[in-house]
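Here are my notes on the model you sent, set out as numbered points. Please read them alongside the sequence and the coordinates.

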Amino acid sequence: MRTRIAAVAAAVLLVPTVACADAGDPPAPDTRGVASSAVDPATPGAGRAAPAARAALPRLRVEVLAEGLDHPWEVKQLPSGHLLVTQRERRTLTLLNLSGGRRNLAFPSARVWAQGETGLMGLEVDPAFARNRRIYTCQGWRTGSGRHDIRVSAWTLDAALTRARLVKHLVTGLPSNSIGRHGGCRLLVPRNGTLMIGTGDAAVGTNPRNLDSLGGKVLRVNRFTGAPARGNPWFGRTGKRRLVVTFGHRNVQGLAQRADRTLWEVEHGSYRDDEVNRLGGGRDYGWHPVPGYDESVPMTDQRLPGQQTNARWRSGDPTIAVSGADFVVGAAWGGYRNSLAVAVLKDQRLMFLQLDRNGVRQWVRFPAALRTWGRLRDVTTSRQALLVTTDNGGGRDVVLRVRPR
């Protein structure tokens, strides 16, 4: 096992970025944790340094917890301390312990459809796992007769942590295409106990703004039944739109909830403008690449009918390929505390994005200790540490544990 310790308190980079076009205070979040207003205008003074920007940035300790993985998409920690990892192309649900042991759980991997960007992807552990032993996954699925879709499923793990038993497919029919492009798919159980699902548009230009397509959306369902969650913007209507919280997304790669209960989404841009968005119920985030699949249009196209919500951070041109994200918690993290940690694929690093209480970008950092591991796919906060997966392929991937020193 390797350990790398880097003194990066001063050796950090300020990221080139395009300032957001928001102004004024956004609405307070509603009791369900999703802001209900249609548009976020900008906060005056966004260029001023926040107090967090002046706080000391600690040195980081980076340890390898597991090696020899292949495209691990997401990692979560169980109450026992074991780690669960989804491997996208291998279609395995892998159990790791911190002493280096591992095993693949008995899991119907033959039913998982893996192609291109799609396979065994999103993972979430039920907050009541110690009692109900439930987990949730999102994956491509073989539906029969050579067909497939993307679906969200609930499972229970046995007491010995050797087997995952299917309880129920909660949501089926998320769109997919023959090459697996833009399959999403990220899961989050926020503090209100629902299940949120970030989806890709399957490279179909009409999906993101079609409320009766589940592609290019953030959805919210009852985590036990898969029924639309009460309080969804179109809950009282008919059809698939009852599941929709937000629309106009391209390819959702990350979902996270901040301590103030606000919800955040990370998505891939086209050739420009990866985005970090603050979510609000019923909002349109402006991706509409029609006719056909025209990726020259803006990621947030303000020429569309209605109102579109601007990103709180965007990469500019070119993209850096942001992916999984989580908020950093714990006083030991110093200036990184409460920032959004975002895994970066193309630019091969971890990004820390500090936002003020109104969700306005204050600064961005790429610590040197996390710029030597190749492509990073996921980051999850766990027990005063960050768990990070790489995405290099060829059996060369690892799970990292990152802690402040």
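**Notes on a glycine and three strand pairings**

1. In this predicted model, Gly215 touches Pro175, Thr199, Gly200, Asp201, Asn207 and Pro208, leaving aside residues up to four places away in sequence. Among these contacts, Pro175 lies 40 residues from Gly215 along the chain, and the C-alpha atoms of the two are separated by 5.9 Å.

2. Gly215 belongs to the loop between β13 (195-198) and β14 (217-221). Is Gly215 buried or exposed? Its relative accessible area is 0%, so Gly215 counts as buried, the cut-off being under 20%.

3. Strand β10 (residues 147-157) pairs with strand β11 (residues 164-174) in the antiparallel sense, over seven bridges. Leu157 has Ala164, in β11, as its bridge partner. The hairpin of β10 and β11 has six residues between the strands, and Leu161 in this hairpin takes a positive phi near 55 degrees.

4. Elsewhere there is an open sheet of four strands, in the order β16-β17-β18-β19, with antiparallel pairing. Which strands stand at the edges? They are β16 (252-257) and β19 (313-314); each has a single partner strand, so one side of each is left without a neighbour in the sheet.

5. Within that sheet, strand β17 (residues 263-267) and strand β18 (residues 275-278) run antiparallel and are joined by four bridges. One bridge partner to check is Glu275 in β18, which is matched with Glu267.

Methods:
Residues are numbered from 1 along each chain as its sequence is written. This is a predicted model: local features need pLDDT of at least 70, side-chain atom pairs count only at pLDDT 80 or more; totals for chains, interfaces and linings use all residues. Side-chain values use heavy atoms; hydrogens and water are left out. Helices (H or I, at least four residues) and strands (E, at least two) are DSSP runs, numbered from the N terminus. Buried means under 20% relative accessible area, exposed over 50%, partly exposed in between (1.4 Å probe, protein chains only). Contact means heavy atoms within 4.5 Å. Two strands pair if DSSP finds at least two bridges between them.
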